[in-house]
Structure formats: C-alpha cells, structure tokens
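Q: Could you walk me through this one, starting with how far to trust the parts?

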Amino acid sequence: MPTKKTQKEKFEEAARELKTDQSEEAFEAAVNKIAHAPKLTNDEIKDLVRRKSQKATK
C-alpha cells in the first residue's frame with residue numbers, strides 16, 4: 001500500500017510540476033500558507049499554485 005503524502009509533500013510536488021519560483025524564501029512562504037489551510041486535494045493544490053504564479057507574474 002503506498003504511503004500517504006503530507007500536504008507539504010503534495011505542495012512541493014505540484015510546485016515542481018508547474019515550475020514555479022522555487023527559491024527558498026518563496027517556497028517557505030507558500031508552504032507556511034498551505035500548512036495552515038484545510039486539507040486540499042492534489043488538483044486544489046495545483047490550482048492554488050497556478051493562481052499564486054499568475055499573481056506573481058502580473
């Protein structure tokens with residue numbers, strides 16, 4: 001049986017897949033925000049990362 005990924009692991013994976021800013025500072029800020037969020041699905045995490053990336057590029 002595969003082990004369940006933590007929210008942080010799911011977020012890190014989604015960020016890598018979407019090739020977002022992965023500097024330590026940006027990554028830690030986003031992870032801290034996610035850590036206090038309710039449980040999210042993989043798709044919800046990817047959507048959140050996408051929206052965060054779009055805001056950062058505007």
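Q: Which helix has the lowest mean pLDDT, and which the highest?
A: Helix 2 has the lowest mean pLDDT, at 75, and helix 3 the highest, at 81, among the elements of the protein chain; pLDDT is the predictor's confidence in each residue, from 0 to 100. This is a predicted model, in which local features need pLDDT of at least 70 and side-chain atom pairs count only at pLDDT 80 or more, while totals for chains, interfaces and linings use all residues. Residues are numbered from 1 along each chain as its sequence is written, and side-chain values use heavy atoms, with hydrogens and water left out.

Q: And what is the mean pLDDT of the protein chain?
A: The mean is 76, and 84% of the residues of the chain reach 70 or more.

Q: OK, how many helices and strands are there?
A: There are 3 helices and 0 strands, where helices (H or I, at least four residues) and strands (E, at least two) are DSSP runs numbered from the N terminus. Along the sequence the pattern reads α-α-α.

Q: Which residues make up the largest nonpolar core?
A: That core has 10 residues: Phe 11, Ala 14, Ala 15, Phe 27, Ala 30, Val 31, Ile 34, Leu 40, Ile 45 and Val 49. A nonpolar core is a set of buried Ala, Val, Leu, Ile, Met, Phe, Trp, Tyr and Cys residues joined through side-chain atoms within 4.5 Å, and buried means under 20% relative accessible area, with exposed over 50% and partly exposed in between (1.4 Å probe, protein chains only).

Q: Which helix gives the most to this core?
A: Helix 2 does, with 4 residues, although helix 1 (7-18), helix 2 (24-35) and helix 3 (42-57) each supply at least two.

Q: Which residues of helix 1 are buried?
A: The buried residues of helix 1 are Gln 7, Phe 11, Glu 12, Ala 14 and Ala 15.

Q: Why do they lie on the same side of helix 1?
A: They cover an arc of only 165° around the axis, which puts them on the same side of helix 1; the arc is that of the directions from the helix axis to the C-beta atoms. An α-helix has 3.6 residues a turn, so residues three or four places apart point the same way.

Q: Switching to Val 49, is it buried or exposed?
A: Val 49, which lies in helix 3, is buried, with a relative accessible area of 5%.

Q: How many residues apart in sequence are Val 49 and Glu 12?
A: They are 37 residues apart in sequence, and 9.8 Å apart in space, C-alpha to C-alpha.
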